[in-house]
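Here's a quick tour of the pockets, the sheet and the enclosed space in one protein model. Have a look at the structure before reading on.

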Amino acid sequence: MSLSTALSIAQSALMNTARQTSVVSRNVADASNPDYSRRQAVVTSTAPGARSVDIQRAANDLLFRQNLSALSVWSGQHALYSGMDQLGVSVNGVDNASSPSTAIGNLQQALQLYATSPSNQNLGASVIDAAKQVVRSLNEGAKAVQDFRTQTDGQIATAVDDLNSLLSQFQDANAAVISGTRSGTDVSDALDQRDALLKKISNYVPVSTFTRGDNDMVITTGDGTTLFETIPRTVTFAASAGYTAGAAGNAVYIDNVPISAGAGGNTSASGTLAGLLQLRDGVASTMQSQLDETARGLITAFAETAPSMPNAAGLFTWSGAPAIPAAGTLVNGLAASISVNAAMDPNTGGSPTLLRDGGANGAAYIANTGGASYSTLLVAYGDRLDQPMTFDPAAGISATSSVSDYAASSIGWFEGVRQQASTASDAKEALASRSAEALSNATGVNVDQEMSLLLDLEHTYQASARMMKTVDDMMAALLNAVG
């Protein structure tokens, strides 16, 4: 081997070592970045005695796809669970203190006391106050549900805007990968950026990917709808300014294909958008229906009756009074319009004795003609709250129940779904964390290993430096001999 060849080899070794050291230093610097994949400087022989360094990026497609799927599943579950926590407090209060069920229980107690002393007008006024609390819980609960739906609608709109922005950023990152691949330059950073954007996109919708020539990536959703192919597909949504009971929310479309809402406490929703749609059109709408059915049951239970006369609204009335809502049929918005009959409310010039004696709808409905100790009607009203009646099965719980049991079952239904959502959220979060950990173990940076490699490179550098020193000494000796 000539001295010039030896010198060239030593110089190449120093350059390669410097590049390897730079890669290791970059790995250590980005060790805490969850979106960074470890780089490896691989030395390859290009000619006898000559070597070069190629930069390879660690990747595991199987683990990456599993992580994307786990992120989507957990995001949908988390959206459902966190929304239900907020909705439950808004409608029923902390520990259900302001729920219709609690208010109906207080009304039953007030009725029982009034029935024991029908001549006591203070007890009659207490019944009216308890009835007002029932009305307030239903009115405010209905408003809270529709406000929640409006708020969730806004969250959907924000999520759609974010998703469109991420897809636009993905287009830029994908273009950088394609361009670098074609020119033969290192595209590791562009691939990291593209993968990081995929993780963010998967939080909103489930994604599936495949790569074409020049590292060009195509994204589809879980049901096969194209989300990105060369250019982003448009995600559209028309937000609503407000909601009323029974009003359907607008769908989210990807390339004119609607996203399906999730279902169940352990939701089928994959991605935040599907979870939010389930909250707005599933959970919240069902809760509203149950409030409306509770209101209808109360109007029916306290209706005034008379021979040869139609039943008419009594203690509780509504916008369609004096008629009674049809049995077993949901009336959208009834919880928002129910009120206490002004004829029985002393604050509006009414008299609670009409509840005891009947007659709020005219003389034909009078049940007591003069006995101050008359309690039959009060007892009957209390009994009706515990007597089975028919409810619309579309509201999601038992079709045959008493009003008091129905209101309690509404809480039970909600808490049951919320508990399922909580348990599933914990499990799916753990799966997402484990899949991210597995991916990090396969493609992330181990600082201890990198520092060990850095020591090896230091030794290589020292060997190359000694080789150059030896060649230099030999060159100097040769020149001295010639001189």
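## The second largest pocket

How many nonpolar, polar and charged residues does the lining of the second largest pocket have? It comes out at 11 nonpolar, seven polar and one charged. Keep in mind that this is a predicted model.

The volume of the second largest pocket is about 250 Å³. It's lined by 19 residues, and P206, D223, I259, S260 and S270 are the closest to its centre. Two or more lining residues come from each of β9 (257–258) and α6 (272–301).

## The largest pocket

Now for the largest pocket, at about 730 Å³. There are 39 residues in its lining, with S37, R57, A59, F64 and D195 lying nearest the centre. By class, you get 15 nonpolar, 15 polar and nine charged residues in that lining.

Which elements build it? At least two lining residues of the largest pocket come from each of α2 (61–92), α4 (121–183), α5 (188–204), β3 (207–211) and α10 (403–443). The top contributor is α5, which supplies seven residues.

## The sheet next door to α5's story

Two of those lining elements turn up again here. Strand β3 belongs to an open, antiparallel sheet of four strands, ordered β3-β4-β5-β6. β3 and β6 (231–232) sit at the edges with a single partner strand each, so one side of each has no neighbour in the sheet.

At the β6 end, β5 (residues 226–229) pairs with β6 in the antiparallel sense over two bridges, and F228 stands opposite P232 in β6. As for α5, this helix packs on the sheet and touches β3, β4 (217–221) and β5. The direction of α5 makes about 10 degrees with that of β4.

## The enclosed space

Pockets are open, but what about closed-off space? One cavity of 30 Å³ or more is counted, and the largest cavity holds about 70 Å³ of space. Its lining consists of N92, P100, S101, M287, Q290, L291, T294, A407, S410 and I411.

Helices α3 (100–116), α6 and α10 each give at least two residues to this cavity's lining, and α6 gives the most, with four. So much for who lines it; by class, the cavity lining has five nonpolar, five polar and no charged residues. Both α6 and α10 have come up before: α6 supplies two or more residues to the lining of the second largest pocket, while α10 supplies at least two to that of the largest pocket.

How values were computed: Residues are numbered from 1 along each chain as its sequence is written. This is a predicted model: local features need pLDDT of at least 70, side-chain atom pairs count only at pLDDT 80 or more; totals for chains, interfaces and linings use all residues. Side-chain values use heavy atoms; hydrogens and water are left out. On a 1 Å grid over the protein atoms alone, a cavity is a set of points where a 1.4 Å probe fits but cannot get out, and a pocket is an open set with protein on both sides within 12 Å along at least five of seven lines; lining residues have an atom within 4 Å of a point. Grid points are joined across faces, edges and corners, and a volume is the space filled by probe spheres set on the points. Ala, Val, Leu, Ile, Met, Phe, Trp, Tyr, Cys and Pro count as nonpolar, Asp, Glu, Lys and Arg as charged, and the others, Gly among them, as polar. Two strands pair if DSSP finds at least two bridges between them. Contact means heavy atoms within 4.5 Å. Axes are lines fitted to C-alpha atoms, for helices over the stretch in contact, and angles run from 0 to 180 degrees between N-to-C directions.
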